[in-house]
Every structure is written in structure tokens, then in C-alpha cells.
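These are my notes from a session spent looking things up in one structure. I kept to contacts, helix ends, cavities and unusual backbone geometry.

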Amino acid sequence: MAKGEWKRSGTDDIQLTGRSECEVFDDGTNTFFWRAHTVTVLFILTCVLVYVTLLEETPHDTAYNTKRGIVASILVFLCFGVTQAKDGPFTRPHPAYWRFWLCVSVVYELFLIFILFQTVHDGRQFMKYIDPKLGIPLPERGYGGNCLIYDPGHPADPFHNIWDKMDGFVPAHFLGWYIKTLVIRDWWMCMIISVMFEFLEYSLEHQLPNFSECWWDHWIMDVLVCNGLGIYCGMKTLGWLSMKPYQWQGLWNIPTYKGKIKRIAFQFTPYSWVKFEWRPASNLRRWLAVLGIIFTFLLAELNTFYLKFVLWMPPEHYLVLLRLIFFVNVGGVAMREIYDFMDDPKFHKKLGQQAWIVAAITVTEFLIVVKYDPNTIMLPIPFFITQCWILGIVLILIWTLWRFFIRDITLRYKETRRRRQEGSSERDRVPGHADGSNLATSGRSKLNGSMDTVRHRKP
């Protein structure tokens, strides 16, 4: 397939560039599932509003009416966005699904902006309007303490330290890193982010007790078992997706029921497959972009813990889970838009809409943390930890200067010197070079003299 050729996917056109690793066949069946339903959604929305206005009696409860009005406003905005917003890079399972999460991103960012502009007390008490159980200070659980893997002091259960730390975060770690691997699509970047976050937990455990863990909890349970196994399974899934044939046929064009069920299941897989080749050392722009991606990932991970700390939300609260589900859905789209913007800036001249709003959300969450609990954020980091981070930053700067500046200048100097040496050696290899130049000069002089004589004789 030629670069830039267009293939039809239902009602959408997808440009398959040279980076696509798979040939896509699509019969172009435009079923009811793929058609635009703008008029239908508008009609249903109008009927609901007419019912609320004319047939339903408004309760005399200010708080209830306020909540219902805010929810109705959000739903109307979601209806508009799902039907009218710009499509993103993904079309499976349906473009409307990704438009929905884009609109949810906007709503969430507006909610964060509202919380940011409140006082600390009012912002925390506002959470009671979402759940009356919120707005109460909660103790933070620590995972440190007794770090003996085998504790002889408890003969009834000497491995109690391990079982105490086997909570709901263990499968969450595995599932989270499995999905992150599908989003990043690079083994090295996933491992770097996984290890770097453990170093951040070491560095910030004086601020949040939740970061205080045993050494084997950091490196064995988290990095090797949960994160490592999730990354391994994610890479295996990526390998299967890169080898999977992408042949799309309309559901009603498939004769067998088994084929129809298989087609429905494959609707939740990508339309086509693009392998992410980050190549951070190829040029300075990609290197800085990869560093920015890693930094943003780590900041979003830290926001998860700090937000629930400053807003007094227990770890098992459904809002914490909803935020993780939200980032799972928007993170994949944002990462694809960032990769397209890096890999093909001539075609993708600006950062994608989902990537833009995710970056804004990450920054706004961090600003809320800074405003709501500056004392915790400003707790001084231990001196030896500060030294380690300064050393790491200095090493990164030195490597950057060497790789993209000093090394390039050295290579250019060596290349110029080599060309000069090759040029001088070629001139030396020309036979009679020393005498030939004089002969050529004297020959030209004689020829010029003869021509001058001819010119003088012509009149």
C-alpha cells in the first residue's frame, strides 16, 4: 500500500502511512452501527428536556436541584461532544467511544479548575456533595515497619508480613502495568518508568507514609512480580497484535454464527497496527520528547497518591478507581497523538486534542496538591537523596551534551579531516603532478601568446 493511501473504515477515512505494519482489508460496509445519529440524539435530548419542563414537578430542595442541574448540564455537553466532536486516531470499538472520553476529559479538567479556585476548606468540604463520606481526615497507611520475610516471632504465621501486604493494590499493579505497556509499546520505557517510580517512593516516603515500603516490597513484589509480569504480558499482547491479520468484514456479510461472534470480539481490537519506535537517541527533539513523556507519566502517578491525600479520599474509594479508569482510556489516545506528532511533524502539525487536555489535567492536579498542602510538598528531602537526584540530573545533562553536541562536532571534524586527506592523496596519485602543472601553465602561455599574435595580424 502506498504511503498516504486512504482506506475506508465505515463512515471514517483513515490515512495509513508508511509506518503501518499491517495491510488492512475493509469491505466498507456502512451499517447502522457506523452511521451518524445526530438527529436521533437531538430528538431524544429534546424529548427528555420537554418531559422535565412540562410533566415533572420540580422538588423544593435547593441542594438536590443544584446537583441535578449540574449533572444534566454535563450530560447535554456529553451528548453534543459524542455526536459532534472531532474524531481521534482510534476508531475501534467505535469513534463515538473515544469522543465520549474526550468530553469527559474536558469535564474533569473544568472540575479540577473549580477545585483549584476554592479555599482549602471549601474544596475539601465540596467533596461531600459528591459523597457525604468524604471531607473527613483519614490516616495514611504505611507499608514499612517489620520487613522480615520470615518472622520467627510469629510461629503461627511466620510469613504474615507478606500476607499483610497482599491487598487490592497487587492485582491493580499488574493490570495497570499491562495496560501501560499497551499504551507505551516499548519495553525499555516501561522498565525505566517502573524503576524510576520506586526511586520516587524512596525519595518521598518522608512526605507520604504510603510510600514507606520494605525493600522486597519495592523491588520483588512491585518491580519484578507485579510490574514485570504486567510488562511481559503486555509485550506478548503487542506481539500478537502486530502479527494479527486485519481483515474487516461487515457483520451481516459473515455467513456463520461463529464468524459473527469472532467479528464482534475483534471489534475491540485496533483497526490497524502501528509499532512505536521511539528512537530517543536519534536526535535532540526526540530525546527531549521522551524525557518529557517519562516525566509526565511519573507526575501523573504521583498525583494519584497526593490527590487522595490532600482531598481526604480513602484509597478504596470509587472516585480513585474512576480516575484510574479515566486515564486508562484517555492515555492510549494521548500517547498515539504524541507519537504521531513526534514521528511525522509535517503531517501532524500540532499536538492532538486528547494529548493537550491530558497534559493540562496532569498540571492542574499537581497545582491542586501544591495549593492544598504546601507544607507536605515543601518538607525538605534528606540530603543524601538530594545528592543522588542531583547526580542523576547532572549525568543526564552530560550525556545529552556529549551525544547531541560534542559527539556531533567531533564526528563532523573527523569527516572533514578524512575528506581532506582523501583529496590530497588523490592529487598525489595523479602522474606527473608536479611537472604537469608547470607544463600546463607554460602551454597556456604559449597558446595565449599565439592567439594574441593572430589577433594583431588580423587587421
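I began with the side chains of Glu-56 and Arg-68, which meet in a salt bridge with an N to O distance of 2.9 Å. The model is a predicted one, and I read this distance, like the others below, as a computed value. The pair links distant parts of the chain, since Glu-56 sits in the loop between α1 (38-55) and α2 while Arg-68 belongs to helix α2, 12 residues apart. I then looked up the exposure of both partners: Glu-56 has a relative accessible area of 29% and is therefore partly exposed, and Arg-68, with 26%, is partly exposed because this value falls between the limits of 20% and 50%. I noted as background that side chains of opposite charge can pair when their charged atoms come close.

Entry on helix α2. Having met α2 through Arg-68, I checked its length. The helix runs over residues 62-84, which is 23 residues, and at 1.5 Å a residue these should span 33 Å; the C-alpha atoms at its ends are 33 Å apart, so the expected span and the model agree. At the N-terminal end of α2 I found a cap, Asp-61, with a side-chain oxygen 3.3 Å from the backbone nitrogen of Ala-63.

Entry on the loop after α2. Between α2 and α3 I came to Pro-93, which is found in that loop. The peptide bond that joins Arg-92 and Pro-93 is cis, with omega at about 0°. I set this against the general rule that most peptide bonds are trans.

Entry on the other salt bridges. How many salt bridges does the structure hold? I count 10 from the lookup, and I followed up two more of them here. In one, the side chains of Glu-415 and Arg-418 come together with an N to O distance of 2.4 Å. Both residues lie in helix α14 (residues 383-429), where they are three residues apart, or about one turn of the helix. That spacing makes sense to me because an α-helix has 3.6 residues a turn, so residues three or four places apart point the same way. Glu-415 is partly exposed at a relative accessible area of 28%, and Arg-418 also counts as partly exposed, at 36%.

The other one is formed by Glu-277 with Arg-279, whose closest N and O atoms are 3.3 Å apart. Which residues are linked with this pair in a network of salt bridges? I found Arg-286 and Asp-343 joined to Glu-277 and Arg-279 in such a network. Glu-277 has a relative accessible area of 37%, which means that it is partly exposed.

Entry on positive phi. Arg-279 came up again here, as it has a positive phi of about 45° although it is not a glycine. Its place is in the loop between α9 and α10 (284-310), and its relative accessibility of 39% puts Arg-279 in the partly exposed class. Arg-185 likewise is not a glycine and has a positive phi, of about 60°; this residue lies in the loop between α6 (169-184) and α7 (187-204). Is Arg-185 buried or exposed? Its relative accessible area is 12%, and Arg-185 is buried because that is under 20%. Most residues other than glycine have a negative phi, which is why I wrote both down.

Entry on Thr-256. I placed Thr-256 in the loop between β4 (246-248) and α9 (257-266). A polar atom of the Thr-256 side chain lies 3.1 Å from the backbone nitrogen of Gly-259. Thr-256 is partly exposed, with a relative accessible area of 43%.

Entry on cavities. The structure holds two cavities of 30 Å³ or more, and I examined the second largest, which has about 60 Å³ of space. Its lining includes Lys-86, Asp-87 and Gly-88, as well as Trp-98, Arg-99 and Leu-102, and also Val-333, Glu-337, Gln-353 and Gln-354. Which helices each supply at least two residues of this lining? I found α3 (95-116), α11 (318-343) and α12 (353-372), with the largest share, three residues, coming from α3. Sorted by class, the lining of this cavity has four charged, three polar and three nonpolar residues.

Notes
Residues are numbered from 1 along each chain as its sequence is written. This is a predicted model: local features need pLDDT of at least 70, side-chain atom pairs count only at pLDDT 80 or more; totals for chains, interfaces and linings use all residues. Side-chain values use heavy atoms; hydrogens and water are left out. Helices (H or I, at least four residues) and strands (E, at least two) are DSSP runs, numbered from the N terminus. The expected span of a helix is 1.5 Å times one less than its number of residues. A polar contact is a pair of N or O atoms within 3.5 Å; within protein, one must be able to donate a hydrogen and the other to accept it, and residues adjacent in sequence count only if both atoms are side-chain atoms. On a 1 Å grid over the protein atoms alone, a cavity is a set of points where a 1.4 Å probe fits but cannot get out, and a pocket is an open set with protein on both sides within 12 Å along at least five of seven lines; lining residues have an atom within 4 Å of a point. Grid points are joined across faces, edges and corners, and a volume is the space filled by probe spheres set on the points. Ala, Val, Leu, Ile, Met, Phe, Trp, Tyr, Cys and Pro count as nonpolar, Asp, Glu, Lys and Arg as charged, and the others, Gly among them, as polar. Buried means under 20% relative accessible area, exposed over 50%, partly exposed in between (1.4 Å probe, protein chains only). A salt bridge is a side-chain nitrogen of Lys or Arg within 4 Å of a carboxyl oxygen of Asp or Glu.
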